[in-house]
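Me: I would like to go through this model by question and answer. Please keep each reply short and end it on what was asked.

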Amino acid sequence: YVRFHLISPLIQQSAENIVLFDTFVNILSHNLGEPAYEADVAQLEYKLVAGEHGLVIRVKGFNHKLPLLFQLIIDYLSDFSFTPAVFEMITEQLKKTYYNILIKPETLAKDVRLLILEHGRWSMIDKFQTLMKGLSIESLSSFVKAFKSQLFVEGLVQGNFTS
């Protein structure tokens with residue numbers, strides 16, 4: 001089991017940055033779908049999670065091939081690219097995801113509660129409104145470049161690994 005948390009102070013600076021980060025993580029997951037299929041067949045699992053403070057990369061499976069899968073994810077992260085069609089598709093999916101959160105009373109109540117309790121938190125309404133105003137491909141590209149330049153990494157490796 002390998003878990004790395006790529007933390008960046010950039011994410012919480014604005015609602016737009018949070019939306020750009022969500023878009024980035026979703027595009028990265030989309031890009032990894034085909035190349036990581038063989039790892040899935042070999043019973044290796046991975047998950048990319050857009051956390052509040054950064055990207056969480058979770059990988060688990062047999063230890064002798066786990067580093068290859070992790071390296072694949074890191075390679076796609078470092079050489080991040082996307083097409084305008086993928087950008088458009090992911091932003092449309094994100095609009096639906098945010099909207100679905102807003103129409104469910106229990107998730108909206110949780111969001112409002114966390115907004116009251118946490119300093120510097122952006123509400124789901126802020127994120128949805130930012131996304132509805134529209135994002136540009138250039139803003140995503142510059143965000144990803146800035147994100148990769150301001151990273152702090154925490155990691156946990158558990159299982160049959162040497163130091």
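Reply: Helices here are DSSP runs of H or I with at least four residues, and they are numbered from the N terminus. The model is a predicted one.

Me: In which helix does tyrosine 99 lie, and is its side buried, exposed or partly exposed?
Reply: Partly exposed covers the range between the buried limit of 20% and the exposed limit of 50%. Tyrosine 99 has a relative accessibility of 43%, so the residue counts as partly exposed. The helix that holds tyrosine 99 is H4.

Me: How far apart in space are the C-alpha atoms of tyrosine 99 and methionine 124?
Reply: Tyrosine 99 belongs to helix H4, and methionine 124 comes 25 residues away along the chain. The separation of their C-alpha atoms is 8.8 Å.

Me: How are H4 and H6 oriented to each other, parallel or antiparallel?
Reply: H4 spans residues 84–103 and H6 spans residues 124–133; their axes lie 10 Å apart at an angle of about 150°. H4 passes H6 in a left-handed crossing. Angles over 145 degrees count as roughly antiparallel, so the two helices, H4 and H6, are roughly antiparallel.

Me: Which residue forms a salt bridge with lysine 95?
Reply: The partner lies in helix H4 as lysine 95 does, 3 residues apart, which is about one turn of the helix. The closest N and O atoms of the pair are 3.1 Å apart, and a salt bridge needs such atoms within 4 Å. Lysine 95 is partly exposed at 21%, and its partner counts as partly exposed at 33%. The partner is glutamate 92.

Me: How many salt bridges does the structure hold?
Reply: Side chains of opposite charge can pair when their charged atoms come close. One of the pairs is arginine 121 with glutamate 52, at 3.4 Å from N to O. The number of salt bridges in the structure is 5.

Me: How many residues apart are arginine 121 and glutamate 52?
Reply: Arginine 121 and glutamate 52 meet in a salt bridge through their side chains. The pair links distant parts of the chain, with arginine 121 in the loop between H5 and H6 and glutamate 52 in the loop between strands E2 (45–50) and E3 (54–60). Glutamate 52 counts as partly exposed, at 37% relative accessibility. Along the chain, the two are 69 residues apart.

Me: Which residues are linked with Arg121 in a network of salt bridges?
Reply: Arginine 121 pairs with glutamate 52. Arginine 121 also pairs with glutamate 118, where the closest N and O atoms are 3.3 Å apart; glutamate 118 is partly exposed at 29%. Linked with Arg121 in the network are Glu52, Glu118 and Asp111.

Me: What is the area of the nonpolar surface patch made by Val112, Ile116 and Leu117?
Reply: Isoleucine 116 lies in helix H5, residues 105–117. Its relative accessible area is 68%, which makes isoleucine 116 exposed. With Val112 and Leu117, Ile116 makes a nonpolar patch of about 330 Å².

Me: Near what value is phi of glutamine 43?
Reply: Most residues other than glycine have a negative phi. Glutamine 43 lies in the loop between H2 (37–41) and E2 and counts as exposed at 56% relative accessibility. Its phi has a positive value in a residue other than glycine, near 65°.

Me: How far apart in space are histidine 53 and glutamine 43?
Reply: Histidine 53 is placed in the loop between E2 and E3 and is partly exposed at 45%. Histidine 53 and glutamine 43 are 10 residues apart in sequence. From C-alpha to C-alpha, the distance is 29 Å.

Me: Is leucine 55 buried or exposed?
Reply: Leucine 55 has its place in strand E3. The C-alpha atom of phenylalanine 21, 34 residues away along the chain, is separated from that of leucine 55 by 8.7 Å. Buried means under 20% relative accessible area; at 0%, leucine 55 is therefore buried.

Note on methods. Residues are numbered from 1 along each chain as its sequence is written. This is a predicted model: local features need pLDDT of at least 70, side-chain atom pairs count only at pLDDT 80 or more; totals for chains, interfaces and linings use all residues. Side-chain values use heavy atoms; hydrogens and water are left out. Patches are made of residues with over 30% relative accessible area and no salt bridge: like charges are joined within 9 Å, nonpolar side chains (Val, Leu, Ile, Met, Phe, Trp, Tyr) within 5 Å. Accessible areas come from the Shrake-Rupley method with a 1.4 Å probe; for residues, only the protein chains shown count as cover. Buried means under 20% relative accessible area, exposed over 50%, partly exposed in between (1.4 Å probe, protein chains only). Axes are lines fitted to C-alpha atoms, for helices over the stretch in contact, and angles run from 0 to 180 degrees between N-to-C directions. Angles under 35 degrees count as roughly parallel, over 145 as roughly antiparallel, 65 to 115 as roughly perpendicular and the rest as oblique. A crossing is left-handed if the near helix is turned anticlockwise from the far one by less than a right angle, and right-handed if clockwise.
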